[in-house]
Structures are given as C-alpha cells and as structure tokens.
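Dear colleague,

Please find below the structure that I am handing over to you. My notes on what was found in it follow directly after.

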Amino acid sequence: MANISSQLLFKKYRQENNLDLALALAQSEYVANSSEPFWICWLGDALRRKGLWAEAKNHWQKLPGVNSAMAPLWRDLGNEFLAHIYNNTGKAEAQGVNIYDAINFISCGCTFDPEAESLNNLAIALELAGDLKSASRTLELAIALNPNLNELESNQEILNLAIHCAQSPQLLSKTQLINLGLSTANKLVQNKKNHSAGKELYEIFFKALAEELNADSLALKITNILLELELTPYIYSCQEEENIAKTKALQLSSSLKELCEDCDFENTANRKLCSRAAALCSGFYYAYLQDNDLTYFSNYSDALEIIFRSAPCTSSPLAKNKKEPIRLGIASMRLRNFNGVIGALTWLEKLPKEDYEIFVYMLDGGSMLDDNYSSRFQDLGTCKYLNLNSENYQEVLKLIKSDILDVLLIPDVGMDGINRILSIHRLAPLQCLTWGHPVTSGSAHMDIYLSGSAMEPEDGQKNYREELVNLPDLGWNFEIPTAPKQDEYFNLAPYRNKNGILLGSLQSLFKYLPSYDYVFIELLSNLANSSLCFISSGLEEQDQIMRNRILSKVGGQFSNGSTIHFLPRMKDASFISLFDQIDLNLDSLGWSGCNTSLRAMMMGCPTITYASELMRGRHTTAILHLLGLSNCVAASPKDYINLALELCNNQHQLLNIKKQILSNYTQLFNDNSCIQVLDKLLKDRTYGREVNRIKN
C-alpha cells in the first residue's frame, strides 16, 4: 500500500526545489517500496535533478518498461546527456554517460510522448553517432510537430547529408522508427488536432508496420477504417461537414464489423496490426455528433471483440456467500483529478468498508500520481499499476482475472482505446460503467450502465446496450468545489461592451455543432452591444473555425455592436470565478454541461438549458429541475432563444433566479442517497446473483 503522505511530501519538496530533502525521502521510501512505480520513477528523477546521472540511469533501467506517464522524465534525462556531450563539458564522460545513452533515453521517452524539441535532439544525437538515415527520419517527425524546425540551417544540413549518404549504421531499428512515427501521428491527431498531417503519418507507418509483421491487405484495410473513424473532426467547419460525418461514420462502423468477420485473426500478424490501431482509437469525438450511438458503438465493440478474440459472454457463477465481502475492482487510465472518474471515487469511498474489498487498477502504470485524487484512489484498497497496451493486454487481463472479482467498474469507457479494450472482455460476473463518458459502451460484456434518474428520459433504455440502472437524482455524490479567492479571479471586465450584457457559454468547443449556431447568432443579433464568451480550445486554428462559423453568417461582424470572445484556458478556481461575473450562462445545446453547470450553481449564476432527447444533453436540465428552476429549461432551441432574450431584458428576474440558486445549490452536493441505492444493487446482484443476459 502506498504511503500517500510521503508522496505528497515528496511532491512538495520537488515543487519547492528542495532537492536534498526530496532525494533523501525518495531513497528511504524506495527501500520500503522497491516495487512501486512511483518511487522507482521519482527516485530516478531526484537523482537526475541532483546531477547524479549515472545513478539515475542505472536506477531507471530497473523499471520493467516506460509508459506515457514517465516518458517526459526519460526525455529530460536524455536531453541533459546530449547537452553536455554536444557542448563537450566533460560532465557526461566523467559519469560514464555517452551518446548512446542519450539516444536510448530520448527515443524511449518519445516513443510514448513525442515532443518536437526532443525529437530534434534525438536527430542531433543520431547524427553525432553517425546514423544519418535515422537522424533524417526522426527530424522529419520533429518538423511535423513543429514546422518551424525546418528553417534551422543545421537541420537542413542533416536532411541533405542523409539524401547523399549511401550507408550508415542503423542505431534505431525499423520497429523503433515505426513506434516513433505512430506516436507522433497520434500526438498530431489527439493533441494538435492536425488531422491531415496525422493521417499522412498514420498511413505511412501503419503500412510499414504491416510490411514488418507480414500482415495481409485486409488487416491493413481494417486498420485504415479504425483510423478513419478516429479522425472525426474536432470542430466542424459547417453544417454540411457535420451531416457527412454522421452518415460516413455509421457506414464505416458497419463495414468495420463485416471486414473483421472476414479477416483471419488466428494470424498473429493481422491481430497485432489491428490491435495496435485499436489501442490508439477511442471513438471519443464521434459521440459529440449527438446521435443515438447504440448501433455505431455496438458495431465498433463487436469488431474489437473479433480482433482481440474475446471469449464469448457466458452466464454468471452461483451466488456468493453473504459472509464474504464483495470483491470490487475499478479500472481506468485516468484515476486522478478527472471529471469522468471522480463520481465513482466518492461512491467507493462511502460504500460500507466492511462489506467490500476494493481493487484499484491504474492502467497508465500509475507512475505520475500527481494529485490528491489519485492518492485517494490508491487509498481505497489494493492498488495495482498496470501499463495496459496492445502488446501485453492478455497478460494484464490475466492479472485482473486472478483477483477473482465479483464486480468490475470501468467509469469512463470511450475516453481512450485502452479502456475500450478492457470493456470487451469478461473479467468479472458483473461489469458496470457509468457516465464518465455519457454514452453506451456498445459492448456485450458490459452489464449495467449506472446513470441518474433526473437526467434520463423515460425511454432512456433504448440508447444503451447495457441494462440501464438509474440511481437517485444525478446519480453521483458530488463534492462542493472550493470557491475561488479574490486573487484567483479572471477579470472579465475588458470583455464587457459598454451598455451591453455579458453572456457566457463556457463548455469545451467540440460540444458546439453547426446545427445550433443560429441560436447564438439570433441572440446576439437581438441584444445590442452584448458579449458572448467561449473558452478557447487551446489551439488558435480550432478557435478560428468556430469564430468563422458564426461571424461568416453575419458578414464578418455583428452590425449592432455585439461581439464574441474566446477566453484563454485557465485553472479551475479562475474558471469558477467567471460565473460570478457573467450575467447569464448559456448551456451548450445537444451536449449539456454537468461539472460546469454545478460550478455555475455554486456561484449563483443564472443558467438556461435545452432538454434534448439523450442523457448527455440533459445534465443541466436535471440540475435546474432539482433546484426548482424548471422555468429555466427550454423545450426547443427556439424556446431557448426566447427564454434567453426574456431574461436578458429583465434584470429583476435574473436577480431572483440568482437568489433561488444561492439558497438551494448545496442540495446538489454530498447526496448519499445514490450510494445507498448502489450498495443495495451490488449486493442484490452479487449475493443473489442473476444470470447476465447475453446481448446481441
């Protein structure tokens, strides 16, 4: 069991740059916890920061492998090696560190978390070691992430030398170059939303991987469909693009399942190729098209079952002895400060401890336990750090099965490819998910979808392959966020136009479809000098797509002085402060806010919403109903416009809504009724175990 207080103390020393105390603590904890990734990883980092490179190198090499969480530390160490080797300081040589160590550490780090500068450094290290071909290929990846690197004279020299180089030592294998290429493509798609560049690299390196493995053409075609589905636009440029994406994705998911049924996955090469692609793909952005996703995700999960050769669904074993505690596991890549899992954390913390034995599976390897929430997850029970990927999934699944769980909870299926791999396997008699990503998993192996009665429509079951079980109200036991201090406020005064109202719609930009742009345009066109603030995506080119979508329909600007703004991304306290300054919070249509709306409520911010047909569009509806503010819930987008205009022209009504929210918002938090119902459900299903129905 991890010593949580020691971990927090270590992080404090590290943040304060108190290197001696950090190193001493890491050394003592490593002696007591030598198999724990946290101390293996961070003792190495403490040694690095003290300049003890040889010790850091030797220590990190004890790790069974690198994962995405620790990758930046490996990169940093390799970059430091290179800097001293390149500048001839003598320090590296004195500690027995050479250019090959720099290559090893930078390449290992970049395989999991590529960074333009580090890839550029790797190219320099490879050139120094005489491998011009690998240097050139690595440099091309660096330039893909940061095109400005192409302008450096030294980089052009490497590229030119590689062209005319007949032969050079091969310090990076073909497999290592493929891994670097695929991780770079993934970063372009997932982080930079540069789908065209990412798609090009995916095609190049998956084709190379297919050749390396000797996979057949059908397997490569399946891989390309998986990647095509993952390249769903982040923000749509127009209504037509949105419509095309909806039709195309459904067709592709159907084709994917059919092709998988025809492919020979007894062939190891075919399985390795397609499983590698599946691990990179989540289907996350498809859900934001806001259709009923049941057919799409059922096709998708069925296809993955074929690829990964999941065992067929079987009936449950006999009922468990009531004298034995329920063995409950929770598994995710994100067991930390992430909105999609915190609701599950408070469930498990408040279940009767004597009735449950809890197992925590940190699928990211658990090496970067960097917040209080990850520590709380560890403290639930037996914590295991499992670096699940497409290569080792069978071994990891076997480890989870060996714990003989009664219940497995995967709170956020659909957030990434790894959680989805887990969801298509039978690891416990009862397998549940909840609305960390509020759509069906589509998997025949997931039994129960835990939702909230206040959010689901009456016919909500039709949207799920799982059995829908509604816990009371919102279904989660939310904790009240900390109110911002005055010095944490983000000042919105510069964004308010003279004599105008200040509006906010402060959701992730990918929630906003072109279908609903007319709502904001009509509002601003009828409210002279009004300002509407969105939150930036963090990528200027993506913000510009949204900006152009709206302003192009009004000739480039509103004629009545109204404006739109994209606020910079900010810390949670500053974000919460926005709701103390805007006049009206406009919930996103089609995909509603939940944590955002709860933050608006604690600040007393008047909020309106539109109740759509799917649960993901009804979070704020549920919140407002629970507060007795059904009058702030619109029945249609047109009604939403009229309601917003009415409130913006009636300051007295806005003030009354604010008072009502502030008088009642606490009832949204710390609601234990959902935990009592969950406890009864798990005991009924485990001790009086029902046979899980086999879903088609």
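**Two loop residues with positive phi**

Asn499 is exposed, with a relative accessible area of 70%. Please bear in mind that this is a predicted model. Asn499 belongs to the loop between strand 7 (467–471) and strand 8. Its phi is positive, about 60°, although Asn499 is not a glycine.

Asn670 also has a positive phi, near 50°, and is likewise a residue other than glycine. Asn670 lies in the loop between helix 27 (651–664) and helix 28. With a relative accessible area of 43%, Asn670 is partly exposed.

**The open sheet**

The loop that holds Asn499 leads to strand 8, which belongs to a sheet described here. In what order do the strands of the open sheet stand? The sheet has 6 strands in the order 10-9-8-11-12-13, and the pairing is parallel. Strand 10 and strand 13 (633–634) are at the edges; each has a single partner strand, so one side of each is left without a neighbour in the sheet. As general background, strands of a sheet pair through backbone hydrogen bonds, either parallel or antiparallel.

Strand 9 deserves a separate description. Strand 8 (residues 502–504) and strand 9 run parallel and are joined by 3 bridges. Between these two strands, Leu503 has Leu532 as its bridge partner, and Gly504 stands opposite Cys533. To pass from strand 8 to strand 9, the chain goes through helix 21 (residues 517–525), and this β-α-β crossover is right-handed.

On the other side of the pairing, 5 bridges join strand 9 to strand 10 (residues 563–567), and these strands also run parallel. Here Phe534 stands opposite Phe566 of strand 10. The chain reaches strand 10 from strand 9 by way of helix 22 (residues 540–551), in a β-α-β crossover that is right-handed.

Is strand 9 buried or exposed? Of the 5 residues of strand 9 (residues 531–535), 5 are buried, so the strand is largely enclosed by the rest of the structure. The cover extends to both faces: Ser531, Cys533 and Ile535 are buried on one side, and Leu532 and Phe534 are buried on the other. Two of the residues already named in the pairing therefore appear here again, because buried residues under 20% relative accessible area include both Cys533 and Leu532.

**The nonpolar core**

The largest nonpolar core has 241 residues. Within this core, Ile222, Leu226, Trp347 and Leu586 have the most contacts. Helix 3 (residues 37–49) gives the most to the core, with 8 residues.

What does Ile222 touch, apart from residues up to four places away in sequence? Its contacts are Leu256, Leu259, Cys260, Cys263, Phe265, Cys274 and Ile307.

Trp347 comes up again in the surroundings of Ile675. Ile675 is placed in helix 28 (residues 673–687) and is buried, with a relative accessible area of 5%. Neighbours within four places in sequence aside, Ile675 is in contact with Thr346, Trp347, Lys350, Leu351 and Asn477. The C-alpha atoms of Ile675 and Phe490 are separated by 36 Å, and the two residues are 185 residues apart along the chain.

**Two further buried positions in helices**

Gly343 is part of helix 17 (residues 339–350). At 4% relative accessibility, Gly343 counts as buried. Between the C-alpha atoms of Gly343 and Ser592 there are 17 Å, while 249 residues separate the two along the chain.

Ser423 is located in helix 20 (residues 417–423). Ser423 is buried, and its relative accessible area is 0%. Not counting residues up to four places away in sequence, Ser423 touches Ile410, Val413, Ser443, His445 and Met446.

**Cavities**

How many cavities of 30 Å³ or more does the structure hold? There are 4. In the largest cavity lies about 70 Å³ of space. Its lining consists of Asn292, Asp293, Leu294, Pro438, Val439, Thr440, Asn463, Tyr464, Leu614, Met615 and Arg616.

With kind regards

Conventions:
Residues are numbered from 1 along each chain as its sequence is written. This is a predicted model: local features need pLDDT of at least 70, side-chain atom pairs count only at pLDDT 80 or more; totals for chains, interfaces and linings use all residues. Side-chain values use heavy atoms; hydrogens and water are left out. Buried means under 20% relative accessible area, exposed over 50%, partly exposed in between (1.4 Å probe, protein chains only). Helices (H or I, at least four residues) and strands (E, at least two) are DSSP runs, numbered from the N terminus. Two strands pair if DSSP finds at least two bridges between them. A crossover is right-handed if, with the strands pointing away from the viewer, the path from the first strand over the helix to the second runs clockwise. A nonpolar core is a set of buried Ala, Val, Leu, Ile, Met, Phe, Trp, Tyr and Cys residues joined through side-chain atoms within 4.5 Å. Contact means heavy atoms within 4.5 Å. On a 1 Å grid over the protein atoms alone, a cavity is a set of points where a 1.4 Å probe fits but cannot get out, and a pocket is an open set with protein on both sides within 12 Å along at least five of seven lines; lining residues have an atom within 4 Å of a point. Grid points are joined across faces, edges and corners, and a volume is the space filled by probe spheres set on the points.
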